[in-house]
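Here are my notes on the model you sent round. I went through the folds and contacts one topic at a time, so you can skip to whichever bit you care about.

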Amino acid sequence: MKNLKKILSRQLKILFIIPIFVVIATLIYSHFLENKSGAKFVEAKFMWELYHIDTRGIVVENNSIVSQIFIANPKTIESHITTNIDGFILEANKNNCKIDYQDWLKAKFIIKAIPDNVFMLELNEFDSTKVTPCKDFVHDYLVEYISGIVQEYIKIDNAEIDLLNRSMDIYKNRLNSTLKDFEKIFSTDIGQKQIFQDRYFGQYISYLSNIETQVLNLSVRVSQLENLDKQLKLVYSTIKESEKFMKNFSRVLIAFIFSVILSIL
């Protein structure tokens with residue numbers, strides 16, 4: 001009987017000692033793995049509001065007239081990056097944002113469009129030393145992408161300005177020619193000359209004034225686009241340490257169960 005008690009006592013000690021030893025060893029090993037690289041992992045999120053410009057005419061949204069439209073659609077930018085992800089990752093690495101395709105697939109590096117023309121970068125379980133370079137890269141990438149669209153706006157506006165100026169020159173020449181002709185025709189009839197000027201030349205002047213206004217408005221918009229601030233507005237930003245508790249808990253639980261089974265066997 002005493003021998004049986006000793007055997008049971010020894011077995012119970014083993015049953016408790018081995019699991020405790022394994023759990024402690026697992027905790028030490030987990031701590032060693034996390035600190036081996038010296039890296040600190042964080043969760044981060046950044047949101048930027050995209051540029052907007054004055055409309056070229058009346059734009060109606062939800063039965064209301066709006067005066068501004070956004071230059072680029074965030075969803076279009078997201079689709080462009082997703083379609084060209086290899087080139088995007090290559091460009092990121094050239095600009096010190098050290099990411100790879102696995103970061104993209106494992107959702108450690110996420111970019112997506114948000115309603116109300118906001119673009120978001122989300123980083124999960126991400127090396128803290130890479131956060132700022134990647135944030136700066138995505139910001140600069142957005143600015144560069146939108147700048148290409150802005151240049152198209154400028155090109156179109158300048159082409160319209162050139163067309164309006166040529167149209168104005170044609171009408172000015174026609175007006176001058178008509179004035180000379182009617183100077184001869186009505187040189188002796190001042191009353192008829194005045195009636196003609198009031199009736200016809202007023203239309204020419206009004207048309208030319210309208211063209212000049214259009215040219216002025218387009219020139220102002222081109223100037224605004226050319227001097228667009230090279231900095232997107234950061235509307236949201238957060239960085240916090242990654243949650244390690246559940247990961248470590250899972251490791252310890254698995255190790256504990258395995259050690260209990262081993263002890264029983």
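What follows is a set of numbered points on this structure, which is a predicted model.

1. **Overall make-up.** The protein has seven helices and six strands. Reading from the N terminus, the elements come in the order α-β-β-β-α-α-α-β-β-α-α-β-α. There are 265 residues, and 28% of them count as buried. If you take the contacts with a separation of 6 or more, 74% come from residues 24 or more positions apart.

2. **The sheet.** Four strands make an open sheet, ordered S4-S5-S1-S6, with antiparallel pairing. S4 and S6 are the edge strands, each pairing on one side only. Ignoring direction, neighbouring strands of this sheet are turned by 10° against each other on average. As a general reminder, strands of a sheet pair through backbone hydrogen bonds, either parallel or antiparallel.

3. **Pairing around S1.** Strand S1 covers residues 41-49 and pairs with S5 in the antiparallel sense over eight bridges. One register point to check there is Ala44, whose bridge partner in S5 is Leu123. S1 also pairs with S6 (residues 233-241), again antiparallel and over eight bridges. For the register on that side, Phe46 stands opposite Ser237, and Trp48 stands opposite Leu234.

4. **The S4-S5 hairpin.** S4 and S5 (residues 118-127) run antiparallel and are joined by six bridges. Lys112 stands opposite Met120 of S5. The two strands form a hairpin with three residues between them. If you run backbone checks, note Asp116 in the turn, which has a positive phi of about 70°.

5. **Which S4 side chains are buried?** In strand S4 (residues 109-114), Phe109, Ile111 and Ala113 point to one face and are buried. Ile110, Lys112 and Ile114 point to the other face and are not buried. The pattern follows a general rule, because in a regular strand the side chains alternate between the two faces of the sheet.

6. **H2 over the hairpin strands.** Helix H2 takes in residues 74-83 and lies across S4 and S5, running at about 150° to S4. Thr76 belongs to this helix. With a relative accessible area of 42%, Thr76 is partly exposed. If you want a distance to check, the C-alpha atoms of Thr76 and Lys112 are separated by 10.0 Å, with the two residues 36 apart along the chain.

7. **H3 has two sides.** Ile85, Phe88, Ile89 and Ala92 are the buried residues of H3. They sit on the same side of the helix, because they cover an arc of only 95° around the axis. The face turned away from that buried side carries the exposed residues Asp86, Leu90 and Lys94. After H3 comes Asn96, another residue to look at in a backbone check: its phi is positive, near 70°.

8. **What does the disulfide link?** The structure holds one disulfide, and it joins Cys97 to Cys134 with an S to S distance of 2.0 Å. The pair links distant parts of the chain, 37 residues apart: Cys97 is in the loop between helix H3 (85-94) and helix H4 (101-105), and Cys134 is in helix H5 (residues 128-185). The link of Cys97 and Cys134 is right-handed, with 95° about the S-S bond. Is Cys97 buried or exposed? Cys97 is buried, because its relative accessible area is 0%. Cys134 also counts as buried, at 0% relative accessibility.

9. **A buried arginine.** Arg221 is found in helix H6, which spans residues 190-226. Its relative accessible area is 6%, under the 20% cut-off, so Arg221 is buried. What does the side chain of Arg221 contact? A polar contact of 3.0 Å joins it to the side chain of Asp157.

Note on methods:
Residues numbered from 1 in each chain as written. Predicted model: local features only at pLDDT ≥ 70, side-chain atom pairs only at ≥ 80, totals over all residues. Heavy atoms only, no water. Disulfide = S-S within 2.5 Å. Buried < 20%, exposed > 50% of the residue type's maximum accessible area, 1.4 Å probe, protein only. Arc of directions from axis to C-beta. Pairing = 2+ DSSP bridges. Polar contact = N/O pair within 3.5 Å; in protein donor to acceptor, adjacent residues only side chain to side chain. Axes fitted to C-alpha atoms, helices over the stretch in contact; angles between N-to-C directions. Contact = heavy atoms within 4.5 Å.
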